[in-house]
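Colleague: I am new to this structure and should be grateful for a close look at a single part of it. Would you please choose that part and take me through it step by step?

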Amino acid sequence: MPHTPHTPTSRSRGRSRRRLRIAALLASAVSVCMVAASAPPTPLGVGDRLFPHLGNPGYDVAAYDLSFTYSGSNSEPLKAVTTIDAWTTADLDRVNLDFAHGQVDSVEVDGEPAGFATAGEDLVVTPEDALDQGEWMRITVRHSSDPVYSEDREGGWVRTADGLAMANQADVAHLVFPCNDHPSDKARFTIRVTAPDGLTAVANGLPVGVERSGGATTWTYRHDHPMATELAQVSIGRSTVLRRTGPHGLPLRDVVPTEHRAALEPWLEKTPDQITWMENKVGRYPFETYGLLMADATTGFELETQTLSLFERELFTEPGYPEWYVESIMVHELAHQWFGNSVSPATWSDLWLNEGHATWYEALYAEETADKPVEARMKAAYGASDGWRAKGGPPAAPKPPTSGSKTGIFRANVYDGAALVLYALRQEIGRAAFERLERTWATRHRDDTAGTADFVRLASEISGRDLGDFLQAWLYDQKTPPMPGHPDWRPTATGQAPATAGAHGE
Ligand SMILES: [Zn+2]
């Protein structure tokens, strides 16, 4: 939704009206109110089928201002201040934020001290005065942000050889900072990091300030597009920032461990051409900058953090990976900037829209630049698809994450299993309509959220025919439908996953 500037008038007007109503209630039913006020805080959510307690009802965040102070050791908590500007969408006596795994020192609402308590993974804030629907509120939380996690609940900070990086997808941004931790509530971000001299900090967006004082430097970054909490990135390390120019003057910056700069630089020179390739497929790159963060860490995944994708350094320096494969993974994370970031999922069940598209362009790039036919990959995926659906659910109705599983909801059914759905759609409506659909999707929902029903609707609109039944079967059936144009394709008996690049990228 569009946001209007924070005006004190609307706030005070709403507040006094609400106070009157509460005073009247208190006068008429004091005992009832006392009971209500002492009811225990409870964790809330926005009703995501896969993560019932993620996000919170009653407000819409417009902006986050995150401030981190790093001691120089990545095993010590950072000091942090999180400021949230939000618009209330309901009357609120309490405001639930998502936050777990950190010490909260104080909370203010509109500059006044507020009460706070923990309930599940929520930080429940009780402002001095209740809030009316349609008010601006500013919540300031002083807290710690601890990069050390237990085995069974890893958080968003990634400890690298020389500092920290961030990987919040899908549901762990709130283990780093208090937030409305669901992609349906995107907001602008300003991120400030104070670190000892000798370290470099980089975050989403472009730098807006660097201040040095007393042996430390404060780096400030601002991102001028709405972003989901899961896509925030903060890199702190002994890093070098390499700058270059992309298509039509797009500023690119990559972050590499200084000691590996020479080995990594040749890979980074590939980015401008990859962006041009993607732009030729789906239209203009959606943000003000792009780049790769090559972290000295073993994560087991790469991640499309907005404007600054996170990669394991070893993907580029380990000689075992073929060049075409590494490049296709680079394109996978780049494609996410359109699919998953600029257009983010309305719910986590729409994850196939992120991963299916990123896998699709990963495969298409390998076909066009490395002679790896998409059709062969899709035939193999078709063979495995029934097995993937049995294990992880149909692409648009994935099974919930199982506790203790590192994979969570990121299973083959939403990678090659969902790219297979896009292939089937292209077979059904033809290349020209399919390519028009892809461009229109990225343009129409730019800087917004959209879900599976939106995609089905647009596919029908663009192709000029009702694709509801066709896509319903491909997206929600337990069994994979017949492939248009390939009646001979069959599920393989073993249901084995083909060896594809999809397993590497998130
Ligand atoms: Zn991905």
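Modeller: Two strands are said to pair if DSSP finds at least two bridges between them. With that term in hand, I shall follow one open sheet of this predicted model from strand to strand.

The setting comes first. The protein chain has 506 residues, of which 47% count as buried. Its secondary structure comprises 12 helices and 21 strands. Among contacts with a separation of 6 or more, 69% join residues that are 24 or more positions apart.

The open sheet is formed by 8 strands, and its pairing is mixed. Read across, the order is β5-β4-β8-β2-β1-β11-β14-β13. At the edges lie β5 (112-113) and β13 (206-213), each of which pairs on one side only. In general, strands of a sheet pair through backbone hydrogen bonds, and the direction may be parallel or antiparallel.

Let us begin with β4 and β8. Strand β4 (residues 104-109) is joined to β8 by 5 bridges, and the two strands run antiparallel. Within this pairing, E108 stands opposite T140 of β8.

The next step across the sheet leads from β8 to β2. Strand β8 (residues 136-145) and β2 pair in the antiparallel sense, here over 10 bridges. One point of reference in this pairing is D85, whose bridge partner in β8 is R138.

On its other side, β2 meets β1. Strand β2 spans residues 78-88 and strand β1 spans residues 59-69; their pairing is antiparallel and extends over 10 bridges. Y64 has I84 of β2 as its bridge partner. In the order of the sheet, β1 is then followed by β11, and β11 by β14.

The last step brings us to the edge at β13. Strand β14 (residues 216-227) and β13 pair in the antiparallel sense over 7 bridges. Across this pairing, G209 stands opposite T220 of β14. The two strands form a hairpin with 2 residues between them. In the turn, G214 has a positive phi of about 55°. The edge strand β13 is hardly covered: of its 8 residues, the count that are buried is 0.

For context, the chain also contains helices that pack on one another, and three of them may be taken in turn. The axes of helix α9 (residues 416-429) and α10 come within 6 Å and cross at roughly 130°. That angle makes α9 oblique to α10. On the side of α9, the residues in contact are L425, R426 and I429, which meet R431, A433 and F434 of α10. These residues divide into 4 nonpolar, no polar and 2 charged.

Helix α10 (residues 431-444) also meets helix α11 (residues 452-463), where the axes come within 9 Å and cross at roughly 130°. The helices α10 and α11 are therefore oblique to each other, and the crossing is right-handed. Among the residues that make this contact are A433 and W441 of α10, together with F455 and I462 of α11. The residues of this contact comprise 7 nonpolar, 2 polar and 1 charged.

To return to the sheet, its course may be kept in mind by its two edges: β5 at one and β13 at the other.

Technical notes: Residues numbered from 1 in each chain as written. Predicted model: local features only at pLDDT ≥ 70, side-chain atom pairs only at ≥ 80, totals over all residues. Helix = DSSP H or I, 4+ residues; strand = E, 2+ residues; numbered from the N terminus. Buried ≥ 20, exposed ≤ 12 C-beta atoms within 10 Å, placed from the backbone. Contact = placed C-beta atoms within 7 Å. Axes fitted to C-alpha atoms, helices over the stretch in contact; angles between N-to-C directions. Parallel < 35°, antiparallel > 145°, perpendicular 65-115°, else oblique. Left-handed = near helix turned anticlockwise from the far one by under 90°. Nonpolar A, V, L, I, M, F, W, Y, C, P; charged D, E, K, R; others polar.
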